[in-house]
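Let's take a walk through this structure, one piece at a time. Keep the 3D view open as you read.

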Amino acid sequence: MATLDTARLAEGLREQTAGFARAAAGVDPDTQVPTCPEWPLRTLVGHIGQAHRYATEVLRKGEPQPVPDPWQAAPGAPDKWAEWLRDGADELIGAVQEVGADTEVWTFLGPRPAAFWLRRMLNDTAVHHYDAAVTTGGGFEIADDLAANVIVEGLEMLASPGAEALKPELVQLRGNGERLGLRPHRADGPADGWVIVRTPEGMRWEEGPVEGDVVLSGAVAYVMLVCNRRLALDNDRVTVTGDRALLEHWLAHMAI
């Protein structure tokens, strides 16, 4: 599956931000978000707009910035949420263009091209788009290439040399060669997927034909949601074959 270029990342961020705004509209701002149970909808909205602006500040100032508290975000009145969210996404896209997408910048995983932040915010927005949709009963849509990008970024972060330092609990993802397969069913036909291998040194992954001790199958959007612990394994939109306990253990310990 091809790596998304900067133009597609920017387009995807706008798509998912707009979808998030639509999903969050027309409901009491104090409605609890079931997939983020500590947050009301207002805080979820605040987090997204705040996160986009945080990434923009990192890029423009060229150094780490204090991590914002989503409870302190000020998204404004609900009828202004869509505009506020759109402005935050546009500011981030503009900052990446100003700095240069390939220019190395600070990230929590070490120096990365500035496009890292565009991709990170796109993927965070996509997952929280689903959270908003579940909360309000609104629709959730994501293109296959964007959903695959969420999965791949997650695997890249988990396999990053800096991941265990960032979250020591990830050491529990080590193993003895166990293989977990993610097999997406794409609307345009069969597709390869991803195989996660748990080694004594840490997790690694590869793209290609899927086989493993356990295999998760489903439309790429649903595989994405399972990998982000938004969709349960017993949901009829996905299928698990093989060692279910192995997949459950991985899902329980893979959050960064």
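Start with F108, which is partly exposed at a relative accessible area of 30%. Keep in mind that the model you're looking at is predicted. You'll find F108 in the loop that runs between strand 1 (104-105) and strand 2 (112-113). What does F108 make together with L166 and I256? The three of them make a nonpolar surface patch of about 240 Å².

Now turn to the sheet. It's an open one, built from 5 strands in the order 5-4-3-6-7, and the pairing is mixed. At the edges stand strand 5 (202-208) and strand 7 (238-242). Each has a single partner strand, so one side of each is left without a neighbour in the sheet. Going from one strand to the next, the twist averages 15°.

What holds such an arrangement together? In general, strands of a sheet pair through backbone hydrogen bonds, and they do so either parallel or antiparallel. For a concrete case here, look at strand 3 (residues 178-185) and strand 4 (residues 193-199), which pair in the antiparallel sense over 5 bridges. If you want a spot to zoom in on, try G181, which stands opposite V195 in strand 4.

Last stop: helix 8, residues 244-253. Which of its residues are buried? They are L246, L247, W250 and L251. Around the axis these residues cover an arc of only 130°, which is why they end up on the same side of helix 8.

Technical notes. Residues numbered from 1 in each chain as written. Predicted model: local features only at pLDDT ≥ 70, side-chain atom pairs only at ≥ 80, totals over all residues. Heavy atoms only, no water. Buried < 20%, exposed > 50% of the residue type's maximum accessible area, 1.4 Å probe, protein only. Helix = DSSP H or I, 4+ residues; strand = E, 2+ residues; numbered from the N terminus. Arc of directions from axis to C-beta. Patch = residues over 30% accessible without salt bridge, like charges linked within 9 Å, V, L, I, M, F, W, Y side chains within 5 Å. Areas by Shrake-Rupley, 256 points an atom, 1.4 Å probe, with all protein chains shown as cover. Salt bridge = Lys/Arg side-chain N within 4 Å of Asp/Glu carboxyl O. Pairing = 2+ DSSP bridges. Axes fitted to C-alpha atoms, helices over the stretch in contact; angles between N-to-C directions.
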